[in-house]
Amino acid sequence: MHIVIMGCGRVGATLAQTLEERGHSVAVIDQDPKAFRRLGSGFGGQRVTGLGFDRDILAEAGMADAGAFAAVSSGDNSNIIAARVAREVFGVENVTARIYDPRRAEVFERFGIPTVATVRWTAHQMLRRLLPAGAEPLWRDPSGGVQLSEVHITPAWVGHKVSHFQERTGVRVAFLTRMGEAMLPTSRTVLQEGDLVHVMMYSDQVADVEAACLQGPDEGRQA
């Protein structure tokens, strides 16, 4: 797939390098030609100097053949304008924009442009580590009936099998994050200290699941 990235800061450069390593063709747009130094000498994609929402610049970057577009510059307005041009003018469906102001992110998503609200996401992740209690939804299906959540488990669960945890709480463990690495558990996987547990559950189960996670394996099933 050909992918166009607007913005060659740390995020844009890392994204470009990662996509190229995975076999995609990549074009990076930035107003400052010095920014392309972040890509390194081994980067084989296009480097296009100019405004990322300029139609001619986007055309030069290969937008006509692009399968995806990412706007990750330092300006919210530039990112959303470029994302809209990519979708509405060039017909690229897979488009996303980086947004710093979470209030703007909500407005822009109404235009059908998926956004990553940097400040909100970072603050949210910090809060999850500082105040880890409860089940935090990471994804919901369109009907809102099923959700993927990160749940906080009491230390009493350490040493117990995932199968026991699932039976006790009434959820399905989608994956664990262990020492910074995601892993797909089996029924024999044993929960370890520091594991982040991500589960699929019905949205109306949340209160019961939170209680079961905090009560531990020795209480009667509540979910």
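Two aromatic rings of Phe, Tyr or Trp are taken as a pair if their centres lie within 6.5 Å, and planes over 60 degrees apart count as edge-to-face. The legends below describe close-up views of a predicted model.

**Figure 1. The aromatic pair of the predicted model.** By the rule just stated, the count comes to 1 aromatic pair. The ring centres of Trp-157 and Phe-165 are 5.0 Å apart and the ring planes stand at 80 degrees, so the pair is edge-to-face. A pair of aromatic rings is described by the distance of the centres and the angle of the planes. Trp-157 and Phe-165 are both buried.

**Figure 2. The chain as a setting for the close-up views.** The chain holds 7 helices and 11 strands. Of its 223 residues, 41% count as buried. The surface exposed by the chain is about 12,400 Å², and carbon and sulfur atoms supply 52% of that area. Among contacts in the chain with a separation of 6 or more, 52% are accounted for by residues 24 or more positions apart.

**Figure 3. The second largest pocket and its lining.** About 320 Å³ of space lies in this pocket. Helix H1 (10-21) and strand S2 (25-30) are the elements that give two or more residues to its lining. The lining is made up of 19 residues, and those nearest the centre of the pocket are Gly-7, Asp-30, Val-72, Ser-73 and Ser-74. By residue class, the lining divides into 7 nonpolar, 9 polar and 3 charged residues.

**Figure 4. Surroundings of Ala-86 in helix H3.** Ala-86 belongs to helix H3, which spans residues 76-88. Its relative accessible area is 0%, and residues under 20% count as buried, so Ala-86 is buried. Leaving aside residues up to four places away in sequence, Ala-86 touches Met-63, Phe-69, Gly-91, Val-92 and Val-95. Phe-53 is 33 residues from Ala-86 in sequence, and the two residues are 8.1 Å apart in space, C-alpha to C-alpha.

**Figure 5. Glu-93 in the loop after helix H3.** Glu-93 is found in the loop between H3 and strand S5 (94-99). The relative accessibility of Glu-93 is 68%, and the cut-off for exposed residues is over 50%, so Glu-93 counts as exposed. Ile-113 is 20 residues from Glu-93 in sequence, and the C-alpha to C-alpha distance between Glu-93 and Ile-113 is 9.3 Å. Taken with the preceding view, the legends show a buried Ala-86 and an exposed Glu-93.

Conventions:
Residues numbered from 1 in each chain as written. Predicted model: local features only at pLDDT ≥ 70, side-chain atom pairs only at ≥ 80, totals over all residues. Heavy atoms only, no water. Phe/Tyr/Trp six-rings, centres within 6.5 Å; stacked < 30°, edge-to-face > 60°. Buried < 20%, exposed > 50% of the residue type's maximum accessible area, 1.4 Å probe, protein only. Helix = DSSP H or I, 4+ residues; strand = E, 2+ residues; numbered from the N terminus. Contact = heavy atoms within 4.5 Å. Areas by Shrake-Rupley, 256 points an atom, 1.4 Å probe, with all protein chains shown as cover. 1 Å grid on protein atoms, 1.4 Å probe; cavity = no way out; pocket = protein on both sides within 12 Å on 5 of 7 lines; lining within 4 Å. Points joined across faces, edges and corners; volume = space filled by probe spheres on them. Nonpolar A, V, L, I, M, F, W, Y, C, P; charged D, E, K, R; others polar.
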